[in-house]
Number of protein chains: 2
Amino acid sequence: TPFRIQNYRTLAYVLTTLVYLVIGAAIFDRLESTQESISYANLQTRIDVFRQQHNMSKSEFENLTRTVESRLNYRKKQWKFIGSFYYATVVLALVGYGHAIPYTKAGRAVTIAYALIGIPMWLIMIQSVGERLNSLITFVLKRIKRHFKRKREPQITAMELLTCEALLTVLTLATGSYVFHRYENWRYFDAFYYCLLTLTTIGFGDLVPMQKDDYGSIGWLYILFCIMFILTGLTIVASSGNLLILRFVETNTKRSRNERYEM
Amino acid sequence: TPFRIQNYRTLAYVLTTLVYLVIGAAIFDRLESTQESISYANLQTRIDVFRQQHNMSKSEFENLTRTVESRLNYRKKQWKFIGSFYYATVVLALVGYGHAIPYTKAGRAVTIAYALIGIPMWLIMIQSVGERLNSLITFVLKRIKRHFKRKREPQITAMELLTCEALLTVLTLATGSYVFHRYENWRYFDAFYYCLLTLTTIGFGDLVPMQKDDYGSIGWLYILFCIMFILTGLTIVASSGNLLILRFVETNTKRSRNERYEM
Ligand SMILES: [K+]
Ligand SMILES: [K+]
């Protein structure tokens with residue numbers, strides 16, 4: 001019966017994902033555990049040497065740690081207007097680096113309200129712009145086809161559209177990797193890693209741009225780039241997502257239309 | 001003409017979002033800037049006192065800061081199997097707290113590949129389970145209606161379904177807030193703030209559960225809860241999203257079907 005099929009399909013998805021998580025856990029454990037232990041041991045040595053040099057007790061060191069910890073939160077003032085704008089963008093885009101954290105209870109409460117209103121707004125905006133982007137690409141592709149193939153009414157396939165989206169994504173990643181490498185002095189690989197973690201909206205926050213005090217004479221242009229990278233980058237990803245995931249959802253919805261609200 | 005209308009609609013969405021970002025920037029600047037300056041000044045005093053007490057030069061303090069910074073990365077070993085599982089969950093769910101960060105280049109490369117394969121898998125899984133959850137709720141609601149209203153074929157409206165989803169979301173938030181308050185010693189408000197930031201997938205990482213060394217005799221149950229909170233919480237949000245956002249996208253797609261790939 002159809003509802004059984006849908007249940008088993010869902011169960012298969014869940015099990016696949018769980019297996020994938022277990023495999024991931026095993027791999028990351030293998031990759032990171034050893035390095036973590038080594039670094040941890042090195043650090044202990046460094047702390048012991050330091051404590052001897054400065055003739056410091058364990059509790060004094062703990063106290064010091066707490067002071068330095070708070071200092072880390074203030075490496076740069078984050079909440080001037082442009083920083084707050086970046087914060088708002090990072091919240092709405094669901095990236096959430098955590099480089100700027102509201103300290104006040106009011107800041108936290110407003111963040112909650114701001115996110116609950118803003119996120120649907122953002123999703124609608126991104127989806128709408130992504131859809132327009134697809135239209136633009138189709139328009140341009142048709143022009144090109146008309147010119148070279150001399151057809152009156154050239155058709156654009158979903159595959160051609162997706163290829164263009166993929167190229168645009170690669171272009172965004174390449175541009176981002178280059179610019180962040182240049183202005184943040186990150187290695188190319190790290191800049192690429194940052195771009196990918198941002199465009200997937202994972203946003204670990206281990207690498208965050210705009211944290212230096214000075215970016216030279218064209219610093220304002222770089223700051224504009226940082227914000228536009230999130231806005232346009234996510235739009236390009238959204239327009240591919242528009243085609244890919246929504247197509248899947250549509251298929252899935254159609255397939256289970258008869259069984260939709262049945263068990 | 002229809003394409004003009006769609007372009008203007010998109011432009012209106014973009015402008016609305018930009019205005020909302022500017023308003024947000026102004027509010028967060030206002031809320032956080034003053035507190036930031038005060039805390040920063042307090043901290044400077046604390047550092048000066050500390051340096052005097054320990055007869056420490058500025059560069060020595062900088063060196064110390066760097067040592068303590070690395071120490072913060074190792075507050076707890078994150079990469080044992082269960083920690084790696086939590087990491088994998090946090091990556092696929094797009095939450096990305098950043099509490100555990102791959103140190104090795106291999107770890108970063110594998111994270112990229114893992115995310116690119118896993119995220120579509122995750123989205124399909126979440127969407128499928130969410131759809132099944134909607135079916136289950138409809139089934140239960142029909143049973144209840146049949147029992148109390150004695151109708152043969154009771155109908156369930158989208159509104160009734162959404163109300164149930166909303167209730168489920170509130171229940172998840174309440175349960176989460178209570179459990180995290182109890183086991184992490186967070187204030188209720190902070191636990192609630194954590195739950196909301198996680199279920200929206202923003203995931204700042206300022207509050208992350210499972211960072212203490214010991215959670216008592218039923219610690220394993222609590223760890224299970226932490227992981228299940230992300231898995232089931234996001235499913236419940238996804239099934240509401242299924243109804244709300246996808247309905248919007250469908251309407252939008254239908255509305256612009258004629259104009260879709262036109263400019
Ligand atoms: K995130
Ligand atoms: K995040």
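Q: Contact means heavy atoms within 4.5 Å, so how many residues does it take from chain A and chain B?
A: Chain A gives 123 residues and chain B gives 123 residues. This is a predicted model, in which local features need pLDDT of at least 70 and side-chain atom pairs count only at pLDDT 80 or more, while totals for chains, interfaces and linings use all residues. Residues are numbered from 1 along each chain as its sequence is written, chains are lettered from A and ligands numbered from 1 in the order written, and side-chain values use heavy atoms, without hydrogens and water.

Q: What area is buried between the two chains?
A: About 11800 Å², with carbon and sulfur atoms giving 70% of that area. Buried area is the accessible area (1.4 Å probe) that two parts lose on being put together, summed over both.

Q: How many salt bridges cross the interface?
A: The rule finds 4 between chain A and chain B, each a side-chain nitrogen of Lys or Arg within 4 Å of a carboxyl oxygen of Asp or Glu. One of them joins Asp206(A) to Arg108(B), at 3.7 Å from N to O.

Q: Which helix of chain A gives the most to that side?
A: α4(A), with 31 residues on the side that touches chain B. Helices are DSSP runs of H or I, at least four residues, numbered from the N terminus.

Q: Switching to the ions: what coordinates ligand 2?
A: The potassium ion (ligand 2) is held by the O atoms of Val95, Gly96, Ile202 and Gly203 from chain A and of Val95, Gly96, Ile202 and Gly203 from chain B, at 2.7 to 2.9 Å. Donors are N, O and S atoms within 2.8 Å of the metal (3.2 Å for Na, K and Ca), and water is not among the atoms, so sites may look incomplete.

Q: And ligand 1?
A: The donors to that potassium ion are the O atoms of Leu94, Val95, Thr201 and Ile202 in chain A and in chain B, at 2.7 to 3.0 Å. Val95(A) bridges the two potassium ions, which lie 3.2 Å apart.

Q: Are Val95(A) and Gly203(A) buried or exposed?
A: Both are buried, meaning under 20% relative accessible area (1.4 Å probe, protein chains only). In chain B, Thr201(B) is buried at 12%, and Ile202(B) is buried at 0%.

Q: What about α3(A): how many of its residues are buried?
A: 10 of its 12, among them Tyr86(A), Tyr87(A) and Thr89(A). Just after α3(A), Leu94(A) takes a positive phi of about 65 degrees.

Note on methods:
Buried means under 20% relative accessible area, exposed over 50%, partly exposed in between (1.4 Å probe, protein chains only). Helices (H or I, at least four residues) and strands (E, at least two) are DSSP runs, numbered from the N terminus. Contact means heavy atoms within 4.5 Å.
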